[in-house]
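Thanks, everyone. I'll keep this short: pockets, then a helix, then a histidine.

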Amino acid sequence: MPVVGVLACSNQSATGTTYSRVNRTVVSQLARHAGVASVLIPAAEPEIAGAVLSVLDGLVLPGGPTFVHPAGYDAAVPVQPSREYDRARDAVAGALLAAAAHLPDLPVLGSCRGMQEIAVHSGGQLRDTDPTDSHRRLPDDNGDRWGPAHPVTLTPGGLLADLPGLPPGDQFLVNSQHSQVVARLPDTVDIEAIAPDGAVEAISVDRPHRFVLGVQWHFEQHTAGSPLDLAVLAEFGRRCRTRHGGRPAG
């Protein structure tokens with residue numbers, strides 16, 4: 001079975017101990033729908049990112065409770081004291097993405113914060129969502145924070161639109177828990193999906209030579225009921241198996 005690395009968030013306990021954590025739902029959905037096993041990549045030691053990726057079949061940058069520090073994309077953006085940042089994860093994410101660029105057969109999948117990390121590493125910038133929260137157009141009547149929040153429209157001919165097994169149509173419902181969106185992207189990054197308000201909801205890098213995909217929603221939530229997420233994880237798993245089969249044993 002292919003093994004992928006899932007980047008963890010850095011946390012500190014009340015006693016001052018620093019540890020790393022990942023939402024277990026991410027790991028379970030990767031196993032169930034991508035057919036891959038997961039190991040955690042701690043938010044530490046960015047200098048060994050290349051060595052870590054060399055023995056893995058894929059990289060996942062999941063969402064998390066913290067914000068990407070503005071120093072990474074626009075020094076003029078003020079730090080907000082009410083927000084929690086994770087500079088350790090920022091550093092490791094950047095190092096992993098830089099190392100992944102030298103491994104073109106290594107698939108990379110980012111969600112929410114992870115998509116923003118891909119955007120920032122590629123030279124993009126972030127901005128806050130509308131303070132009225134109008135980005136979320138379809139509130140869930142059952143109070144499910146992970147329920148469908150709005151549709152996204154896929155870019156014709158893009159990586160997402162051309163996923164094998166995707167049902168006909170260019171619009172799919174996704175969840176939404178982010179407070180920031182991508183504000184600016186370089187020409188090297190392709191927009192794969194947008195929300196009704198124009199917010200960028202998915203991006204890809206170096207297509208078609210590599211599989212580097214970021215989605216602004218959480219693919220691990222209600223995955224079985226999302227044709228789009230099922231297609232994303234199936235293709236990610238296929239790419240991981242291709243790399244796994246081509247790597248020397250041991």
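By pocket I mean an open set of grid points where a 1.4 Å probe fits, with protein on both sides within 12 Å along at least five of seven lines. Keep in mind that this is a predicted model.

So, pockets. The largest has a volume of about 510 Å³. Its lining counts 26 residues. Nearest the centre are Gly63, Gly64, Pro65, Thr66 and His218. By class, that lining splits into 11 nonpolar, 10 polar and five charged residues.

The second largest pocket holds about 180 Å³ of space. Here 13 residues form the lining, and Pro148, Leu173, His222, Gly225 and Ser226 sit closest to the centre. Two elements, β9 (171–174) and α5, each give two or more residues to this lining. The largest share, three residues, is from β9. Six lining residues are nonpolar, six are polar and one is charged.

Next, helix α1, residues 24–34. Which of its residues are buried? Val26, Gln29, Leu30 and Ala34. Down the helix axis they fall within an arc of 105 degrees, so they line one face of α1. On the other side, Arg24 and Arg32 are exposed. The cover over the buried residues includes β1 (3–7), β4 (37–41), β5 (58–61) and α5 (227–246).

Now the ends. At the start of α1, a side-chain oxygen of Asn23 comes to within 2.9 Å of the backbone nitrogen of Thr25. After α1 comes Gly35, with a positive phi near 70 degrees.

Last, His150. It belongs to strand β8, residues 150–154. His150 is buried, at 0% relative accessible area. Its side chain makes a polar contact of 3.4 Å with the side chain of Glu201.

Methods. Residues numbered from 1 in each chain as written. Predicted model: local features only at pLDDT ≥ 70, side-chain atom pairs only at ≥ 80, totals over all residues. Heavy atoms only, no water. Buried < 20%, exposed > 50% of the residue type's maximum accessible area, 1.4 Å probe, protein only. Helix = DSSP H or I, 4+ residues; strand = E, 2+ residues; numbered from the N terminus. Arc of directions from axis to C-beta. Contact = heavy atoms within 4.5 Å. Polar contact = N/O pair within 3.5 Å; in protein donor to acceptor, adjacent residues only side chain to side chain. 1 Å grid on protein atoms, 1.4 Å probe; cavity = no way out; pocket = protein on both sides within 12 Å on 5 of 7 lines; lining within 4 Å. Points joined across faces, edges and corners; volume = space filled by probe spheres on them. Nonpolar A, V, L, I, M, F, W, Y, C, P; charged D, E, K, R; others polar.
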